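Dear colleague,

I am handing over the structure we spoke of, and below it you will find a summary of what came out of the analysis. Please read it alongside the coordinates.

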Amino acid sequence: MSTLGDGDDRTWRLVEDLFPLHRAVTGPGVRATLARVAEEIPLDVHEVPSGTPVLDWTVPDEWTVREAWIEGSDGRRFADISQNNLHLMSYSRPVRGRFSLAELDDHVHSMPDRPHAIPFKASLFGNSWAFCLAHNDRVALAEGDYEVCVDATLEPGSLTYGELVLPGETTDEILLTTHVCHPSMANDNLSGIAVLTEIGRRLADRTRRYTYRLLFIPGTFGSITWLAMHREAVARVRHGLVLTGLGDASSLHYKRSRRGSTEIDRAADIVFRDRAAGDRSIPFSPYGYDERQFCSPGFDLAVGRLSRSLHGEFPEYHTSDDNLSFIDLAQLNDAADAVDAILDVLESNRTMVNLAPEGEPQLGRRGLFTSLGGGIDAKSFEMVLLWVLSDSDGSKDLIDIADHCKLPYSQVVHAADALEAAGLLEEAE
Amino acid sequence: MSTLGDGDDRTWRLVEDLFPLHRAVTGPGVRATLARVAEEIPLDVHEVPSGTPVLDWTVPDEWTVREAWIEGSDGRRFADISQNNLHLMSYSRPVRGRFSLAELDDHVHSMPDRPHAIPFKASLFGNSWAFCLAHNDRVALAEGDYEVCVDATLEPGSLTYGELVLPGETTDEILLTTHVCHPSMANDNLSGIAVLTEIGRRLADRTRRYTYRLLFIPGTFGSITWLAMHREAVARVRHGLVLTGLGDASSLHYKRSRRGSTEIDRAADIVFRDRAAGDRSIPFSPYGYDERQFCSPGFDLAVGRLSRSLHGEFPEYHTSDDNLSFIDLAQLNDAADAVDAILDVLESNRTMVNLAPEGEPQLGRRGLFTSLGGGIDAKSFEMVLLWVLSDSDGSKDLIDIADHCKLPYSQVVHAADALEAAGLLEEAE
Amino acid sequence: MSTLGDGDDRTWRLVEDLFPLHRAVTGPGVRATLARVAEEIPLDVHEVPSGTPVLDWTVPDEWTVREAWIEGSDGRRFADISQNNLHLMSYSRPVRGRFSLAELDDHVHSMPDRPHAIPFKASLFGNSWAFCLAHNDRVALAEGDYEVCVDATLEPGSLTYGELVLPGETTDEILLTTHVCHPSMANDNLSGIAVLTEIGRRLADRTRRYTYRLLFIPGTFGSITWLAMHREAVARVRHGLVLTGLGDASSLHYKRSRRGSTEIDRAADIVFRDRAAGDRSIPFSPYGYDERQFCSPGFDLAVGRLSRSLHGEFPEYHTSDDNLSFIDLAQLNDAADAVDAILDVLESNRTMVNLAPEGEPQLGRRGLFTSLGGGIDAKSFEMVLLWVLSDSDGSKDLIDIADHCKLPYSQVVHAADALEAAGLLEEAE
């Protein structure tokens with residue numbers, strides 16, 4: 001896909017700036033990433049010390065790598081992280097020494113079925129080191145000795161995450177998260193970081209019924225750490241969305257919360273229906289990104305996930321082919337628009353009660369046909385008004401009504417607003 | 001469609017007699033219509049004074065028109081209601097004077113896409129006058145002045161409706177209604193008037209578990225007025241049916257009540273299944289005829305609607321093409337048969353309890369195989385008996401059982417009657 | 001179908017030995033049948049006296065037949081039960097005398113549409129006698145007189161049934177039944193007798209959570225008698241299965257219990273899904289075998305039925321064509337395997353609760369990936385573990401989980417066992 005971003009676009013500049021940083025679950029890469037995001041939105045950065053017990057886990061030691069490469073007997077260096085930070089398996093333990101090709105080979109990952117690409121590997125608990133090579137390069141290695149350098153430390157430090165809280169009219173929260181722990185891969189997950197940053201900018205300017213909490217966290221460890229340490233905030237979460245993999249060419253996928261028909265699940269359904277762009281909803285499964293933690297049965301939050309190509313189902317996944325040319329600014333912006341639309345539904349959705357429920361009220365004398373929004377004629381708007389009046393018996397919210405009458409959610413909200421202003425509807429207790 | 005009615009048929013004579021009458025929401029046309037129906041069934045006629053507050057509305061003034069026509073400078077009269085009462089927009093305000101063609105044209109309705117037909121228009125609240133012409137005639141009008149006459153009055157009077165109450169063994173009511181406010185159109189709604197009149201005749205001769213209330217009412221205003229003024233009767237309504245548009249060539253449509261699975265909805269389902277005539281059930285929508293009022297959330301009555309072609313979906317709708325040649329006596333009679341069948345189901349449906357529920361009772365020694373109705377062999381009837389015994393655990397009524405076992409409702413009732421007579425079933429509390 | 005059984009197979013030898021016996025609802029044929037089964041499994045044989053009131057019925061008199069034949073004027077005997085015991089209508093009353101062809105013909109059954117086969121007929125309450133002939137033989141009968149002999153008695157005796165109770169860890173019971181009242185027909189029902197006998201052998205050797213009760217009973221009368229006389233045992237029945245018609249070439253049919261989604265219904269569903277052999281589930285109907293009695297609304301037990309070709313839907317049904325060449329040992333063994341699999345599910349199914357429900361627990365440090373069963377890799381097993389953890393919130397049992405995650409039930413049980421051993425799950429109260 002051709003890159004539609006240009007040098008002037010803030011989202012694309014963010015992506016370009018973040019791409020080279022050497023991120024891992026912990027360490028300086030995450031800090032540099034959050035610092036760059038903080039230039040766009042007022043992020044608070046938190047540090048949680050290594051060794052802190054969090055749920056069934058412990059905050060891991062911090063991993064810092066300075067250099068890593070292999071040098072052949074001909075003096076040529078390769079697999080150098082200064083060329084591509086995917087070359088080093090994340091959390092590789094330090095090593096310096098000479099290895100025969102056979103010995104080296106035990107520490108090399110490559111992909112025979114995608115021989116030109118470098119795979120991404122990580123091993124927090126493996127207590128070893130490894131390099132990742134294009135398979136073509138691996139098979140070309142000559143017999144002989146190789147000098148190997150991994151200048152890295154794994155020692156107590158902290159886990160770092162970024163947070164932006166935007167207060168609303170209520171303390172009920174909408175939680176929006178993305179993971180910041182992957183090295184130089186564009187779709188997984190600079191796309192998520194870029195879209196969440198854009199959403200942060202947009203939310204700052206809008207009236208908010210809900211309080212919004214945006215989390216930029218390392219995957220798994222970040223969500224587990226946040227859940228463990230913020231019980232009160234967890235209890236206030238009404239809806240949530242994990243954002244990842246939003247820049248590729250696919251239409252959108254919404255992965256439902258574990259409960260399956262929560263308000264945000266229904267909001268995504270109605271947005272997808274009205275977008276009519278071929279987006280699809282998929283059921284929850286306990287595999288994927290941080291929704292695994294948010295939706296674990298002990299929390300069971302109403303958290304869904306928005307992605308494009310499904311994780312692991314596109315061949316560029318977790319390889320050096322997931323680079324800047326794999327994603328597209330227009331797709332990032334479209335994803336932000338979809339998130340916006342879902343948040344619009346959550347902000348406006350409510351259950352109304354018809355205050356003149358016996359027979360149809362006279363709409364004409366209340367001037368309801370003159371309150372038309374753009375692009376809808378009086379006859380069509382009358383139908384929306386009649387549906388909202390008929391269905392507002394306290395058993396259906398506006399999403400349900402839009403779903404039931406097969407009319408656009410935006411028109412249903414507009415009709416509900418007009419009827420409420422005319423004194424014909426009020427919000428249910 | 002060729003007209004199957006002949007001069008000797010009471011239903012067809014009624015339709016022919018009613019066709020020329022100039023009906024509107026209020027006024028002498030409705031009174032003449034009800035007087036003619038009262039020659040067939042013992043109708044009570046009620047008058048409700050203009051200005052009476054009814055729910056969110058007020059009973060309108062009474063409209064009476066004596067003559068209405070346009071005369072060209074050549075002295076030729078046209079658009080004369082003595083030729084076709086559709087020529088005058090219903091509730092046109094009085095006018096007498098000379099108008100240029102341009103001035104006149106602001107007061108003319110026609111249909112460019114159906115240029116030979118006169119449209120039907122009405123405007124209670126428009127405070128204006130208008131004529132309805134075939135588009136072919138409209139475009140042929142020459143320049144020049146036109147003399148216009150609408151000799152009409154709109155002044156306090158009353159809203160008129162007809163009612164026939166047929167008491168039953170219980171005071172629980174079945175409400176059957178049709179609208180009587182449309183001028184010379186056959187399907188909309190002489191068909192409804194004719195079928196309801198025929199049902200009135202048939203009901204007089206049958207044993208009735210339910211009390212029946214037949215209402216011949218002006219649309220919208222009539223149902224709102226009746227609902228507003230008969231709270232006690234409203235509370236006794238168990239099932240109801242709005243009848244309209246029953247004479248055209250289409251198969252039947254049953255529009256479900258707002259609640260969607262009430263007993264009459266299920267009765268219509270099983271009748272349609274057993275008729276096997278391609279009839280179809282459609283969901284409730286808050287647009288249509290008087291079911292809009294009966295099913296409004298404050299009343300939420302179990303009222304469905306029976307029609308053939310759906311309102312607004314046949315091109316003859318609300319035009320002079322909806323005339324006597326558009327409807328057919330056989331279709332009217334078939335519709336009456338379908339209403340009858342639905343009422344038969346409601347009369348006979350009940351929930352039974354098996355009094356010998358442990359194992360199968362011995363059917364042979366109770367002579368149950370000799371109680372066969374016409375057209376069913378012993379083996380088939382045994383199956384019906386076994387289904388009724390198996391399903392009569394208090395959770396299913398006879399409609400549910402017929403639906404469950406996929407056997408004709410009439411056989412299920414017959415089996416239930418036989419088993420009850422044999423002491424093997426009794427009606428649930 | 002060619003017979004796969006050989007002389008050494010216990011199941012096939014049982015079928016061959018039982019085939020010639022002259023079974024009826026009561027009498028010596030049933031006793032001989034049960035005596036032969038008792039050589040395979042330790043059956044208790046019960047006798048219930050004629051005249052005992054059982055539910056709506058009475059235990060019938062005992063029918064014993066010594067000889068029955070017809071002799072033509074040429075001295076040739078035919079329709080002799082020593083040739084095929086289907087020749088005599090079951091429960092024929094005794095007769096000896098001379099009859100014209102016309103008189104005889106009133107006492108003959110044959111099948112014009114299957115002219116080479118002898119039909120099976122029975123008439124407990126008919127108080128008459130009849131012979132069953134191949135239609136080809138019937139039409140070849142010459143005019144003249146025929147000597148008829150039915151040397152039978154119908155007098156007070158008893159109803160006989162066999163029972164094997166295998167106690168388990170709990171007194172909750174699984175009821176497995178088959179009917180033993182049909183004369184020389186292989187699929188209906190030597191197949192059921194053979195499979196239930198095989199299940200009895202297999203159950204003897206396994207750990208049993210449930211107590212098992214195997215009933216070898218005459219159809220209808222046997223189940224009604226047992227239900228009437230064992231109220232306490234009836235109350236302990238948790239699941240049950242009627243076995244019949246299991247030897248023909250068809251795939252399996254599971255007929256659901258009347259309640260339709262009991263645990264054994266769901267167990268059969270998941271077994272059929274995992275077998276992937278084209279087996280099908282059908283809804284309950286009040287016609288068929290002893291499930292009619294067990295599922296009658298006063299008992300409403302969770303009893304399903306396992307068969308191959310549906311009763312009455314194969315042309316060999318209730319004819320002399322249902323002989324040993326119509327069934328196949330491999331099909332009998334496959335049916336026993338399916339019963340075994342259903343019982344395995346019932347034995348292992350339970351509802352678990354996740355004891356570390358907040359976030360995902362660390363699976364690696366608990367060694368859960370080394371507890372793999374045969375034929376599943378670590379990554380696939382991780383998915384099963386995650387599903388079981390995610391779904392174990394007390395609302396789903398293991399069958400529900402296997403259904404939900406679309407993974408084999410055996411893997412779900414294996415994961416649940418491993419997680420329980422690791423202290424991450426416990427059985428719900």
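**Symmetry, interface and one sheet**

In this predicted model, chain C is superposed on chain A by a rotation of 120 degrees with a shift of 0.1 Å along the axis, the RMSD being 0.0 Å. That is how copies are related by a three-fold axis. Within chain C, the residue whose C-alpha comes closest to the rotation axis is C:Ser261, at 13 Å.

Turning to the interface of chain B and chain C, 18 residues of chain B and 17 residues of chain C take part in the contact, and the area buried between them is about 1,600 Å², with carbon and sulfur atoms giving 49% of that area. On the chain B side, B:Glu358, B:Glu360 and B:Gln362 supply 40% of what chain B buries against chain C, which is more than any other three residues do. There are 5 salt bridges across this interface, one of them between C:Arg292 and B:Glu360, whose closest N and O atoms are 2.4 Å apart. Polar contacts between chain B and chain C number 13 residue pairs, and helix α11 (residues 378-391) of chain B gives the most to the side that touches chain C, with 8 residues.

Finally, chain A holds an open, antiparallel sheet of 3 strands in the order β18-β17-β19. Because β18 (393-397) and β19 (425-427) of chain A each have a single partner strand, they stand at the edges with one side left without a neighbour in the sheet; the twist averages 35 degrees from one strand to the next. Strand β17 (residues 351-354) of chain A is joined to β18(A) by 2 bridges, and A:Val353 stands opposite A:Asp393 in β18(A).

With best regards

Technical notes
Residues are numbered from 1 along each chain as its sequence is written. Chains are lettered from A and ligands numbered from 1 in the order in which they are written. This is a predicted model: local features need pLDDT of at least 70, side-chain atom pairs count only at pLDDT 80 or more; totals for chains, interfaces and linings use all residues. Side-chain values use heavy atoms; hydrogens and water are left out. Copies are superposed by least squares on the C-alpha atoms of residues with pLDDT of at least 70 in both. Two strands pair if DSSP finds at least two bridges between them. Helices (H or I, at least four residues) and strands (E, at least two) are DSSP runs, numbered from the N terminus. Axes are lines fitted to C-alpha atoms, for helices over the stretch in contact, and angles run from 0 to 180 degrees between N-to-C directions. Contact means heavy atoms within 4.5 Å. Buried area is the accessible area (1.4 Å probe) that two parts lose on being put together, summed over both. A salt bridge is a side-chain nitrogen of Lys or Arg within 4 Å of a carboxyl oxygen of Asp or Glu. A polar contact is a pair of N or O atoms within 3.5 Å; within protein, one must be able to donate a hydrogen and the other to accept it, and residues adjacent in sequence count only if both atoms are side-chain atoms.
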